[in-house]
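This report describes the architecture of one protein chain. Please consult the sequence and the structure shown below while reading.

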Amino acid sequence: MREKTLLSTTATKTRSRYWEWLLFSVILLISDGLNIGLGLRFAYLIRFELTLPIFDPRALTSVDYYEGLILLIIPTWLAVFLLRGLYKRENLLGGVREYHLLFEANTLAMIIVIAVGYFEPRIVFARGWILIAWLSAFFFTALGRFLLRRVAYFLRTYGYFLSRAVIVGYNQESAEMAQQLSDVRHSGLSLLGFVTNTDNPTGNDKGLRILGEIRQLGDLIERHRIDEVILTSSALSREELLDIFEKFGTSDKAKLRISSGLYEIITTGLSVREFAWVPLVEVNKVRLTGSEQVLKAALDYGVSIPLLILISPLLLLIAVAIKLDSPGPVIHRRRVLGVNGKEFDAFKFRTMVINGDDVLEQYPEKKEELVRYHKIKDDPRITRIGRILRKTSLDELPQLFNVLRNEMSLVGPRMITAPELEEYKKWGINLLTVKPGITGKWQVSGRSDVSYQERVRFDMYYIRNWNIWMDIQLIIQTIPAILSKRGAY
């Protein structure tokens, strides 16, 4: 058996123990309690102390009464959080999924408070206050959890809040999984290595550690205190899978997780239907269906329509500046791919001279850079106004009209042309299951400085883990990303 270097340098420093999560849960509980109280008190400020004309001035406004009511409500709110699993380890540090649970819990807590007020006449509160309290409590608790998560992510690089994991089976799929799971900040896993069918697996050229063979799995779980066992279904026979589940499926020593075996294409979600009591799995043709489509469309239209009305004078000013700066059309149309490979014209303000090809011929090194990377730093074809528009991302504002035409979304993978699809290789079949976005993870992570390999990883992560809260988070993160001007050229 060959011992190889550890996949993660943090693996030997893993300190993921029960007390870490207990301490984190206690801190989270205290933070939630304080933030709920802050949200409810903030709601009192908005409802009563600002004396806005939209509210009924005859409502009970005693600050002492509402502060006493808040002290009664906080334990109820926290109890709902507890029942919804917001302090369970599997739901912590989970990103947008945690926000989703948090929103549901805040909504349920508000409904309970309203119901108690309805059946108990001694409890009186203004309807405007409870409505604002619902929104502000969610905002402050989400903000508190966001900040604590950033602290936990930082501590993960030092070995805290990690689960010790192994991958059973070795092939291309398991190697690709290992590569992504090695990002300890987001995976939460300290990947110790592989457990294989043989002690000398062919193709193990990644410098990964082989812990042992499958027949030694029980001993390895004990010896290395393994928390997570990830089975690579495409690397194991049916008999091996069944044997492992029979031995460890009900064990409380480690959790068993199994890959799909179709790691490249399972990003769109699955549906299971029984035919004559035989469960068959179907891969969805598009990533978003049903209520998910409705929520995303509501966000797209709810933001883009008011925004277009608000910035219409700016759009006119930019159009005039482009015309005065250089001859040619105001709008540049780029032929790109949409959902299921349907082509459409993506709109952008023109930022280049109209004889760009002739200009580029004078710079052979720049032309070679374009062929190799599909982008050019210090592009000689860009106009004076175009350089400003690109630095500030104002050139992309016309894509809001693509959103209205249902061709693009506010948030999504970066748009690509048909030739660029080849760069995504086997991942390309996933990219076209959602609409491209004006912004996305690539935008907040470096824009043009992001390599194609990184872009693929960002896009696949977005498609796999989409949630409406992720879209909201990325929209918020886009503003500082644009202001920083990183990767804008």
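The sections below treat the chain as a whole, then its annotated segments, two helices, a group of strands and one histidine.

## Overall composition

The model is predicted. The protein chain contains 17 helices and 11 strands. Of its 489 residues, 46% are buried.

Among the contacts with a sequence separation of 6 or more, 73% join residues that are 24 or more positions apart. The chain exposes about 26,000 Å², and carbon and sulfur atoms supply 61% of that area.

## Annotated transmembrane regions

An unreviewed UniProt entry carries the annotation "transmembrane region" for residues 21–45, 65–87, 99–119, 125–148 and 301–324. Two of these spans can be set beside the model here.

Residues 65–87 are 83% helix and 0% strand, and the C-alpha atoms at the two ends of the span lie 30 Å apart. Residues 99–119 are 100% helix and 0% strand, again with 30 Å between the end C-alpha atoms.

## Helix H2

Helix H2 comprises 21 residues, 63–83, and reaches 30 Å from its first C-alpha to its last, close to the 30 Å expected at 1.5 Å a residue. A kink of about 25° is found in H2 at Ile73, shortly before the proline Pro75. Just after the helix, Gly85 adopts a positive phi of about 80°.

Which residues of H2 are buried? They are Tyr66, Leu69, Ile70, Ile73, Ile74, Trp77, Leu78, Val80 and Phe81. Ile73, the site of the kink, is thus listed among the buried residues. The buried residues of H2 pack against helix H1 (18–49), H3 and helix H4 (127–156).

## Helix H3 and Leu102

Helix H3 runs over residues 96–119. At 1.5 Å a residue, its 24 residues should span 34 Å, and the end C-alpha atoms are 35 Å apart, which agrees. The buried residues of H3 are Val96, Glu98, Tyr99, Leu101, Leu102, Ala105, Asn106, Ala109, Met110, Val113 and Gly117.

Leu102 is located in H3. Its relative accessible area is 0%, so Leu102 counts as buried. What does Leu102 touch, leaving aside residues up to four places away in sequence? The contacts are with Phe81, Leu86, Phe138, Thr141, Ala142 and Arg145. One of these partners, Ala142, is 40 residues from Leu102 along the chain, and the two C-alpha atoms are separated by 7.3 Å. Another partner of Leu102, Phe81, is one of the buried residues of H2.

## Strands E1 to E4

Strand E1 covers residues 163–168. Because 6 of the 6 residues of E1 are buried, the strand is largely enclosed by the rest of the structure. Ser163, Ala165 and Ile167 point one way from E1, while Arg164, Val166 and Val168 point the other way; all are buried. Strand E2, residues 189–196, is likewise mostly covered, with 8 of its 8 residues buried.

How many bridges pair E1 with E2? The two strands pair in the parallel sense over 6 bridges. Within this pairing, Ala165 stands opposite Leu191 in E2, and Val166 has Gly193 in E2 as its bridge partner. E1 is also joined by 4 bridges to strand E4 (residues 228–231), and these strands run parallel. Ala165 takes part here too, standing opposite Glu228 in E4.

E2 in turn pairs with strand E3 (residues 210–213) in the parallel sense over 3 bridges. Thr196 stands opposite Glu213 in E3.

## His224 beside the strands

His224 lies in helix H7, which covers residues 217–224. Is His224 buried or exposed? The cut-off for buried is under 20% relative accessible area, so His224, at 12% relative accessibility, counts as buried.

Not counting residues up to four places away in sequence, His224 touches Arg164, Leu192, Arg209 and Leu211. Arg164 belongs to E1, where it points the same way as Val166 and Val168.

Conventions: Residues numbered from 1 in each chain as written. Predicted model: local features only at pLDDT ≥ 70, side-chain atom pairs only at ≥ 80, totals over all residues. Heavy atoms only, no water. Expected span 1.5 Å × (residues − 1). Buried < 20%, exposed > 50% of the residue type's maximum accessible area, 1.4 Å probe, protein only. Bend = angle between axes of the 7 residues up to and from the residue. Contact = heavy atoms within 4.5 Å. Areas by Shrake-Rupley, 256 points an atom, 1.4 Å probe, with all protein chains shown as cover. UniProt positions renumbered as here; feature names shortened; annotations may be inferred. Pairing = 2+ DSSP bridges.
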